[in-house]
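Got the viewer open? Let's walk through this one stop by stop, picking out what to select as we go.

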Amino acid sequence: MAAAIEVDQLTKQFKLYKEKPSSLKERILRFRRVRWEPFTALDDIRMDIEAGTTVGLLGHNGSGKSTLLKCMAGILQPTSGCVRTVGRMAALLELGAGFHPELSGRENVYLNGSILGLKKVEVDRVFDDIVGFAELEQFIDTPVKHYSSGMYIRLGFAVAINVDPEILLVDEVLSVGDEAFQRKCIDKVRAFQAEGRTIVVVSHAADMVRQMCDKAAALEHGKLVANGDPNEVIREFRERLLKSAMPAEDMSPELARSEMSPMWGRVKITDARVVYADEDRDAVAPGESMQVVISLEAPDPVSDVVVAIAVYGSMGWLVFGTNTQVHGMDLGTIEGHRTVTFDFPDVPLLDGTYALTIGVHTLGGLVYDSWEQLRRFEVAAPGRDIGLVRMPVSIRLNEPGVDAGRSQ
Amino acid sequence: MAEIAAPGRTFTHRTTMVGQIREIAAHHELLLNLVRLELKAKYKASALGFAWSLLNPAMYLVVFYIAFDVILGGGIPRFPIYLLSGLLVWNFFTAALNSGTGSVVAGSGLVKKVWFPREILPLASVGAALVHFFLQLLVLIGALVLLRHPVGWAELPLLPLALADLILLAAGLALLFSVANVYLRDMAHFVELALLAWFWVTPIVYPFTQLNKALRGHSIIALANPVTPLVLTFQRALYGEFGKPPVMPPNLHFTWYLRNLALVTVAVFVLLAIALRVFGRLEGNLAEEL
């Protein structure tokens, strides 16, 4: 297969200015005293993206994934190395495509068309499709500076996909806009895949990458750390995420001490471990059991102890939370080293990385110690169900003539 | 898979001048579009709309006419014709440089989001200024026809060359200033100030002979200003050999103007080459700096 995008030894450095003179006057006054440090955002990236594939670029914030996409789009120029692209390319970076705020939606559509190398007649041909897709019929002659951010994004996406690009670069934009529009975008992206166009998506949502992409690549601190099959890349990505989330030796008390409570330190969390059902795997499958073992240390006897646990999803939602008090449990007097085990016999979650927050506090809520999302666990679903929770479901085909929904 | 002739592109830190020019040429549709949009955006929210593009120079004309001809008594016959044939050149030059200097910063919304040869932005400002130039030229031609003014027929054929030089000079400077303005945001003020001084050392409201006299005949100093030969050519061709004694130096003819233009042409190409080189070097970081 021919490569649609070749990234060859791409390195991108930014200048981090200490104090940057931005006017001629300042420049002259402090001549030669501009201090900056190089920051390597991308370090010797090599990857080929085959024509017709959908590739997901994974990485957490600051990993360089968006910078890489911008280099592919030609917006940032490499410090060394190069990017070669074949075919018309449309890019959707952050919020919408490039629009001129003073101009109307209509003028911007034509402007964008000509930026992408289309002639006026070619834009004429797809103009109605663009406006229809963006659902902006009434506002198309309004200057885009009056558009809401949703309208802006809709128009940007509509232009990008209707100008017949061979390569589409998308940066997280699918996560904005209302649900109906999101669905429409995903449908369109699927259609693009079916037509054999090349798509590069940047995301930190591993699940979306797993669902949509044929290939994936993970970036960390500007380096390409995994590239290939999405499932393997996602595993690698999550492992690294887990490692990086591990606190340095004495970082957690340092961090937590900031939320000083009068009871602080009378009971300490010394460890928290996630124990999966299958010791050989580092993930739990839906329906399997999982334990969280929390080690506590109380230098002096304390009789007023509640241990709490909360599970957060990757987007920061609270998925579940409970504590010993809610479960009517009295821990009695704690002295010295003790462990508390939270036993989850049936984890009803689907694919994803979940974070655990653990706290120890008095019955009245004064905190002894807390670990905010310092532990994570993985759920790896073998099935193809999507979403957050595994809802028990059975499906049947009803007899002809039986309309189960209305028969009652 | 069959290799189809798809538009391929390589992004590196190296740019070649030929590559730059090729990309600019490939985006001529975008250039025209931006010129149209710049003209449109400029007058969109104004009541008089496009008329402003003529009102502004008309006002200049009236003010200078009153100040120099009526009050100071400059003694140049048909002063408005004389003035306009030089002012035409200058108006284009200032309009192109003023809007060109800010063009990349103004277009940051595009620069940060999509790739296209960024040279297009200052060039579009030059293009928009050119449209105004032709409008003003039409007004002047109308006046010439109405007054049956004796133009300098011999020097008329030099106008296309002078205009080409003028466009390239403005393009080169606009390229340099626009990219400098990204790094040093007060570039625009500097350009405005420099243009003010530049205007008064160029023989537009006063005749070249006067300037020459002030320079004690060292016309070479006056001609080192690249706008001067261009202005002189326009004045000689449009205002002609008018007045007694003639306002334009009577002993200078076609070959003298041609020689000046040839020198300007050489200078302008050197400038353009430098400007493209500098722009090419700096354009890679524009998206970061904006």
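What follows is a tour of a predicted model, starting with chain A and ending in chain B.

**Stop 1: chain A as a whole**

Select chain A and colour by confidence. The mean pLDDT of this chain is 81, with 86% of its residues at 70 or more. Now pick out residues 246–259 of chain A: here the pLDDT is below 50, and beyond near neighbours in sequence the stretch has 12 contacts in the model. Treat that bit with care as you look around.

Switch to cartoon and you can trace 9 helices and 16 strands in chain A. Of its 408 residues, 47% count as buried. If you show contacts in chain A and keep those between residues at least 6 apart in sequence, 73% of them join residues at least 24 apart. Turn on the surface for a moment: the accessible area of chain A is about 20,800 Å², and carbon and sulfur atoms account for 50% of that.

**Stop 2: a sheet of three strands**

Next, select 268–276, 290–302 and 334–344 of chain A, which are β10, β11 and β14. They make an open sheet in the order β10-β11-β14, paired antiparallel. β10 and β14 of chain A are the edge strands; each has a single partner strand, so one side of each has no neighbour in the sheet. Look along the sheet for the twist: neighbouring strands are turned by 20° against each other on average, direction ignored.

Zoom in on β11 and β14 of chain A, whose antiparallel pairing runs over 10 bridges. Which residue in β14(A) is the bridge partner of A:V302? Click across and you land on A:I334.

**Stop 3: a sheet of four strands**

Staying in chain A, move on to another open sheet, this one of 4 strands in the order β13-β12-β15-β16, again with antiparallel pairing. Its edges are β13 (318–323) and β16 (367–379) of chain A; each has a single partner strand, so one side of each is left free of a neighbour in the sheet. Here the average turn between neighbouring strands is 15°, direction ignored.

For the inner pair, select 306–312 and 352–361 of chain A: these are β12 and β15, antiparallel strands joined by 7 bridges. A handy marker is A:V307, which stands opposite A:V360 in β15(A).

**Stop 4: aromatic rings in chain B**

Now show the rings. Over all chains, the whole structure has 23 aromatic pairs. Start with B:F133 and B:F234: their ring centres are 5.9 Å apart and their planes stand at 90°, so this is an edge-to-face pair. B:F133 sits in helix α6 (residues 120–147) of chain B and B:F234 in helix α11 (residues 227–239) of chain B, so the pair ties together parts 101 residues apart in sequence. Buried or exposed, B:F133 and B:F234? Both are buried.

Then try B:W256 and B:Y257, an edge-to-face pair with 5.1 Å centre to centre and 85° between the planes. These two residues are buried as well.

For a bigger selection, take B:Y60, B:F64, B:F68, B:W90, B:F93, B:W198, B:F199 and B:W200, which ring pairs link into a cluster.

**Last stop: B:A262**

Finish in helix α12 (residues 254–282) of chain B, where you will find B:A262. This alanine is partly exposed, with a relative accessible area of 38%. Draw a distance from its C-alpha to that of B:D165: the two residues are 97 apart along the chain, and the atoms are separated by 9.2 Å.

Notes:
Residues are numbered from 1 along each chain as its sequence is written. Chains are lettered from A and ligands numbered from 1 in the order in which they are written. This is a predicted model: local features need pLDDT of at least 70, side-chain atom pairs count only at pLDDT 80 or more; totals for chains, interfaces and linings use all residues. Side-chain values use heavy atoms; hydrogens and water are left out. pLDDT is the predictor's confidence in each residue, from 0 to 100. Contact means heavy atoms within 4.5 Å. Two strands pair if DSSP finds at least two bridges between them. Helices (H or I, at least four residues) and strands (E, at least two) are DSSP runs, numbered from the N terminus. Axes are lines fitted to C-alpha atoms, for helices over the stretch in contact, and angles run from 0 to 180 degrees between N-to-C directions. Buried means under 20% relative accessible area, exposed over 50%, partly exposed in between (1.4 Å probe, protein chains only). Accessible areas come from the Shrake-Rupley method with a 1.4 Å probe; for residues, only the protein chains shown count as cover. Rings of Phe, Tyr and Trp (its six-membered ring) pair if their centres lie within 6.5 Å; planes under 30 degrees apart count as stacked, over 60 as edge-to-face and the rest as tilted.
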